[in-house]
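Student: I have a model open and would like to work through its pockets and packing. Can we go step by step?

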Amino acid sequence: MEHQTVIAETDRLILRRYKKEDLQDLFAYLSDAEVVKYEPHRPLTLEETEEALQWRMGTEEMIAVELKDSHRLIGNVYMGKREFETVELGFVFHRSYWGHGYAAESCRALIQQAFSKGVHRICAECDPRNERSWRLLEALGFQREGHLRQNVYFWKDEAGAPLWKDTYLYAELNDAAAARYGPGDGPGAGLSAVRLS
């Protein structure tokens, strides 16, 4: 078995780098139309998932979320480095694991880790129709900073006209998180162990 680089652990989850054995679990959720409904790609084929996995294995920005009890890959968190000590947060999870707090648990761990390493700001963008996602961001302490109207499109209609989408802009600041939470009660609450990579 390949060396597995663990980024952080929570009570229920292992947050780690991707490995080649993740292919089938990754395909299980990236091929689901409901899961990728707000993503900039259609449901992936197995071949496309293989390509996506190769990219994920080669980047530090995409973090695999594994269940401790079954060792199954159930989703991922994106922590993309941006200018000015900023990180962009994103997350996608297998539909069978929605509503169990796994996205919140993994995001809290990674937010805490990023802030502890000196990140100043964590931002996120969300389709206003994706209520599950923006409610999670707000539960994590993110503030809605803007609503961009018809600023982006992923697809075109049959006549070739863009299908414009709105975007909510969210962010959380390091000093705001520190002020909001006391020791042991911040975004990383529930961590059983953390190892900075």
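**Pockets, a helix and a hairpin**

Tutor: Strand 4 and helix 3 each supply at least two residues of the lining of the second largest pocket. Keep in mind that this is a predicted model.

Student: Which element gives the most to the lining of the second largest pocket?

Tutor: Strand 4 and helix 3 each supply at least two lining residues there. The top contribution to this lining is three residues, and the element that gives them is helix 3.

Student: What is the volume of the second largest pocket, and which residues are closest to its centre?

Tutor: The space in the second largest pocket comes to about 340 Å³. It is lined by 14 residues. By class, that lining has seven nonpolar, two polar and five charged residues. Closest to the centre are Glu60, Met79, Lys81, Gln113 and Lys117.

Student: How many residues line the largest pocket, and which lie nearest its centre?

Tutor: The largest pocket has a volume of about 1,300 Å³. Its lining is made up of 47 residues, and those nearest the centre are Glu39, Phe91, Val92, Asn130 and Ser133.

Student: Which element supplies the largest share of that lining?

Tutor: Several elements each supply at least two residues, among them helix 2, strand 5, helix 4 and strand 8. The largest share is six residues, and it comes from strand 5.

Student: How many residues of each class are in the lining of the largest pocket?

Tutor: Tyrosine and proline are among the residues that count as nonpolar, while glycine counts as polar. Sorted this way, the lining of the largest pocket has 24 nonpolar, 10 polar and 13 charged residues.

Student: Why are the buried residues of helix 1 on the same side?

Tutor: The buried residues of helix 1, residues 23–30, are Leu23, Asp25, Leu26, Tyr29 and Leu30. They lie on the same side of helix 1 because the arc they cover around the axis is only 170°.

Student: What do these buried residues pack against?

Tutor: Contact here means heavy atoms within 4.5 Å. By that cut-off, the buried residues of helix 1 pack against helix 2 (46–57), strand 4 (73–82) and strand 5 (86–93).

Student: Are strand 7 and strand 8 parallel or antiparallel, and which residue in the turn has a positive phi?

Tutor: Strand 7 and strand 8 pair over eight bridges, and the sense is antiparallel. In one of these bridges, glutamine 143 has alanine 171 in strand 8 as its partner. The two strands form a hairpin with five residues between them, and the turn residue with a positive phi, about 90°, is glycine 160.

Terms used:
Residues are numbered from 1 along each chain as its sequence is written. This is a predicted model: local features need pLDDT of at least 70, side-chain atom pairs count only at pLDDT 80 or more; totals for chains, interfaces and linings use all residues. Side-chain values use heavy atoms; hydrogens and water are left out. Buried means under 20% relative accessible area, exposed over 50%, partly exposed in between (1.4 Å probe, protein chains only). Helices (H or I, at least four residues) and strands (E, at least two) are DSSP runs, numbered from the N terminus. The arc is that of the directions from the helix axis to the C-beta atoms. On a 1 Å grid over the protein atoms alone, a cavity is a set of points where a 1.4 Å probe fits but cannot get out, and a pocket is an open set with protein on both sides within 12 Å along at least five of seven lines; lining residues have an atom within 4 Å of a point. Grid points are joined across faces, edges and corners, and a volume is the space filled by probe spheres set on the points. Two strands pair if DSSP finds at least two bridges between them.
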